[in-house]
Amino acid sequence: MDVAVFWVLAVLAVAGAVMVFRFDSMARATFSLLASLLCVGGLVVLLGLDYLGIVIVLMMTIEMAIMAVFMVMYMMNPAGLMPMTMIHNKKGAAVVCGLVFALLAAGILLAPWPARRGNAPADPTMELGMSLMGPQMLTMMTLGMALFATIVATVVLATRRGRYDRFGDDLRARRADDPVRGGVGR
């Protein structure tokens, strides 16, 4: 069963990556890349690295969603849906991609892969964390919480008025009491 899931995810990941270059809009290419990266996250989970796979899924989902939002806001064409080419110098890019693919495939097939020594760890997530961060895991967790608190604090401080200020203490006002242009309220 795991082998079938592996091959399905692998084929979908490659197909999604290929479609990034086949679509003629930035928005469609973004969501195609997201689908490809979600499949890669699933492959990592399937390989037994649950934490790393979930992190890949979360990071890529948020990153691609932000990219799509910025495309809708800032692109000249509506939501990045107007046709445009996603690659330049198609022939040169195809040659370079083909050479890189051949080189990587040869490396995979010709590299002397080491044999497993010892047994698999009881908790691969803990071992991965220790090998990535060593004894600094507590520092990184604390830093993560500090960054999160900073993000929340900046959003709170950047917003002068909350929903109670805008719609009254009971939130029953028909219109928000927002300032109009020039700083004068209604």
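**Close-ups of two pockets and two helix pairs**

The lining of the second largest pocket is made up of five nonpolar residues, with no polar and no charged ones. Everything shown here comes from a predicted model.

**View 1. The second largest pocket and its five nonpolar residues.** Here we're looking at a space of about 210 Å³. Phe101, Leu104, Ala105, Ile108 and Leu109 line this pocket.

**View 2. The largest pocket, with a volume of about 510 Å³.** Fourteen residues make up the lining, and those closest to the pocket's centre are Tyr51, Val55, Leu58, Met59 and Met133. Three elements each give two or more residues to that lining: α3 (50-74), α5 (124-133) and α6 (137-158). Helix α3 puts in the largest share, with six residues. Sort the lining by class and you get 12 nonpolar residues, two polar ones and no charged ones.

**View 3. Helix α1 packed against helix α2.** The pair to look at is α1 (residues 2-22) and α2 (residues 26-46), whose axes sit 8 Å apart at an angle of about 155 degrees. Angles over 145 degrees count as roughly antiparallel, so that label fits α1 and α2. The crossing of α1 past α2 is left-handed. On the α1 side, the contact uses Asp2, Val5, Phe6, Leu9, Ala10, Leu12, Ala13, Gly16, Ala17, Met19 and Val20. Facing them from α2 are Ala29, Ser32, Leu33, Ser36, Cys39, Val40, Gly42, Leu43 and Leu46. By class, this contact comes out at 15 nonpolar residues, four polar and one charged.

**View 4. Helix α2 again, now with helix α3.** The two axes come within 8 Å of each other and cross at roughly 175 degrees. That angle is why α2 and α3 also go down as roughly antiparallel. From α2, the contact takes in Met26, Ala27, Thr30, Phe31, Leu33, Leu34, Leu37, Leu38, Gly41, Val44 and Val45. From α3 come Asp50, Leu52, Gly53, Ile54, Ile56, Val57, Met60, Thr61, Met64, Met67, Ala68 and Met71. The tally for this contact is 18 nonpolar residues, four polar and one charged. Leu33 of α2 is worth finding in both helix views: it belongs to the contact with α1 and also to the contact with α3. Helix α3 links back to View 2, too, as the element with six residues in the lining of the largest pocket.

Definitions and conventions. Residues numbered from 1 in each chain as written. Predicted model: local features only at pLDDT ≥ 70, side-chain atom pairs only at ≥ 80, totals over all residues. Heavy atoms only, no water. 1 Å grid on protein atoms, 1.4 Å probe; cavity = no way out; pocket = protein on both sides within 12 Å on 5 of 7 lines; lining within 4 Å. Points joined across faces, edges and corners; volume = space filled by probe spheres on them. Helix = DSSP H or I, 4+ residues; strand = E, 2+ residues; numbered from the N terminus. Nonpolar A, V, L, I, M, F, W, Y, C, P; charged D, E, K, R; others polar. Axes fitted to C-alpha atoms, helices over the stretch in contact; angles between N-to-C directions. Parallel < 35°, antiparallel > 145°, perpendicular 65-115°, else oblique. Left-handed = near helix turned anticlockwise from the far one by under 90°. Contact = heavy atoms within 4.5 Å.
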